[in-house]
Amino acid sequence: MSVCSTILAMVVFALTLVAAKATIGADILFVERTEARLLEYPTQITQNIMPKMIHSHNDYWRDVPLLTALSYGVASVEADVSLYNGTLYIGHENAALTSDRTLDSLYIQPLLKILTEVNPQNAFTVNSTSPNGVFDTASGLPLQLLIDVKTDGVEALPFILKAFQPLREAGYLTTYANGTLITSAITVVGTGNSPLEQVKALSPRDYFFDAPLTQLTDPSLNTTWDPSLSPLASTDYGTAVGWNGIGTISDEQKANITKFVGDAHALGITARFWDTPAWPIYARENIWKALLEGGADWLNADDLAAASSF
């Protein structure tokens, strides 16, 4: 037998051994190629994504609003809303507005599509008492959607409430009615120019108010803060804390974090500090660490990849 024939025979023999060897990798490949239907299920749009207490600041700046945040497991997103001629447009300032980018097109309809997919109507779900949320790994966790009203809040509120009607009709909105708070797939919280007195007057209420974190114990506001009105309280980090993340945080600055967070938690409300410094990176991460150690619930983030891996 020639050398070439010998080598060829050895190669064939080796390949035969490899083909005959059972491995989990081979089984996975086989199932993927031949039994794809076994790998599909209705709620898998966020398969293997673990939700995280991260707030996507100005979420509409993402390449793909909403969906990019969900891909990182972000459990709170923010949309800046401006009312013009009866339409709610999305954008940080007037120059950023376009006719195509609306609250309905970027958030309402995508959320309705996702929630319809993860809440199939069939024999398995006929007795379900509450809808699934957007996260496959935590279906009972609501997605928090902040509506930052940029134009007149009193004028905009009726249009905002009307915009959420498709999600309301499907039972996907967290709602306070008849003295009971019923959590659902989406919790909508108004911030910016959202009008407090008009939100307080809503009954039933499925549009909540972002409370002032540093004024929760201020009697002059004449407001009883609790999750039925405000599941979230927020404040400007610079004003409330002020540490730039460089050097050592002072005892007074630490105390401010724990005091304001403690005020919120005593009322059953989550706490968020916005406009945290984004650079230098090491300073940003020092601030994130201090906030989490102080009990803050939400990391306010622009860099979702960094926050999700923090």
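**Entry 1: the hairpin of strands 2 and 3**

I looked up Leu83 first and found that its bridge partner in strand 3 is Leu88. The model I am reading is a predicted one. Strand 3 covers residues 87-90, and four bridges join it to strand 2 in the antiparallel sense. I then turned to the connection in this hairpin, where two residues stand between the strands. Asn85 takes a positive phi near 50° in the hairpin.

**Entry 2: the other partners of strand 2**

I noted that strand 2 runs over residues 74-84. Which strands pair with strand 2 in the parallel sense? I found strand 1, residues 52-56, which is joined to strand 2 by three bridges and runs parallel to it. I also found strand 4, which runs parallel to strand 2 and is joined to it by six bridges.

For each pairing I recorded one residue pair. His55 stands opposite Ser76 of strand 2. Glu78 has Leu146 of strand 4 as its bridge partner.

I next checked how far strand 2 is covered. Of its 11 residues, 10 are buried, so strand 2 is largely enclosed by the rest of the structure. As a general reminder, I wrote down that the strands of a sheet pair through backbone hydrogen bonds, in either the parallel or the antiparallel sense.

**Entry 3: from strand 4 to strand 7 and strand 8**

I followed strand 4, residues 143-149, to its pairing with strand 7, which is parallel and extends over seven bridges. Asp148 served as my example here, and its bridge partner in strand 7 is Thr191.

I then examined strand 7 with strand 8. Strand 8 consists of residues 208-209, and the two strands pair in the parallel sense over two bridges. The bridge partner of Val189 in strand 8 is Phe208.

Is strand 7 enclosed or open? I found six of its seven residues buried, so strand 7 is largely enclosed by the rest of the structure.

**Entry 4: two threonines of strand 7**

I took Thr187 next, which lies in strand 7, residues 186-192. Its relative accessibility is 8%, and since the cut-off for buried is under 20%, Thr187 counts as buried. I set aside its neighbours within four places in sequence and listed its contacts. They are Pro142, Leu143, Gln144, Leu145, Thr174, Phe208 and Pro231.

Thr191 also lies in strand 7. I found that Thr191 is buried, with a relative accessible area of 15%. Which residues does Thr191 touch, not counting those up to four places away in sequence? I recorded Leu146, Ile147, Asp148, Val149, Tyr207 and Asp210. Asp148 is thus on the contact list of Thr191 and is also its bridge partner.

**Entry 5: the sheet of strands 9, 10 and 11**

I turned to an open sheet of three strands, ordered 9-10-11, whose pairing is parallel. Its edge strands are strand 9 (211-212) and strand 11 (270-274), each of which pairs on one side only. Strand 10, residues 232-236, pairs with strand 11 in the parallel sense over five bridges. For this pairing I noted Ser234, whose bridge partner in strand 11 is Arg272.

**Entry 6: Asn256 in helix 9**

I then looked at a helical residue. Asn256 lies in helix 9, which covers residues 251-266. Buried, partly exposed or exposed: which term applies to Asn256? With a relative accessibility of 22%, Asn256 counts as partly exposed. I also looked up its separation from Pro42, which is 214 residues away along the chain. The C-alpha atoms of Asn256 and Pro42 are separated by 45 Å.

**Entry 7: the whole chain**

I closed with the overall values. I found 11 helices and 12 strands in the protein chain. Its radius of gyration is 25 Å, well over the 19 Å that the globule rule gives for 310 residues, so the chain is more spread out than a compact globule. The C-alpha atoms fill a box of roughly 100 × 55 × 40 Å along the principal axes.

I recorded that 42% of the 310 residues count as buried. The chain exposes about 16300 Å², of which carbon and sulfur atoms supply 57%. Among contacts with a separation of 6 or more, residues 24 or more positions apart account for 61%. My last note concerns charge: the chain has 17 positive and 32 negative charges, and their mean positions are 5 Å apart.

Key: Residues are numbered from 1 along each chain as its sequence is written. This is a predicted model: local features need pLDDT of at least 70, side-chain atom pairs count only at pLDDT 80 or more; totals for chains, interfaces and linings use all residues. Side-chain values use heavy atoms; hydrogens and water are left out. The radius of gyration is taken over C-alpha atoms; the globule rule is 2.2 Å times the number of residues to the power 0.38. Buried means under 20% relative accessible area, exposed over 50%, partly exposed in between (1.4 Å probe, protein chains only). Contact means heavy atoms within 4.5 Å. Accessible areas come from the Shrake-Rupley method with a 1.4 Å probe; for residues, only the protein chains shown count as cover. Lys and Arg count as positive and Asp and Glu as negative; His and the chain ends are not counted. The place of a charge is taken as NZ of Lys, CZ of Arg, CG of Asp or CD of Glu. Two strands pair if DSSP finds at least two bridges between them.
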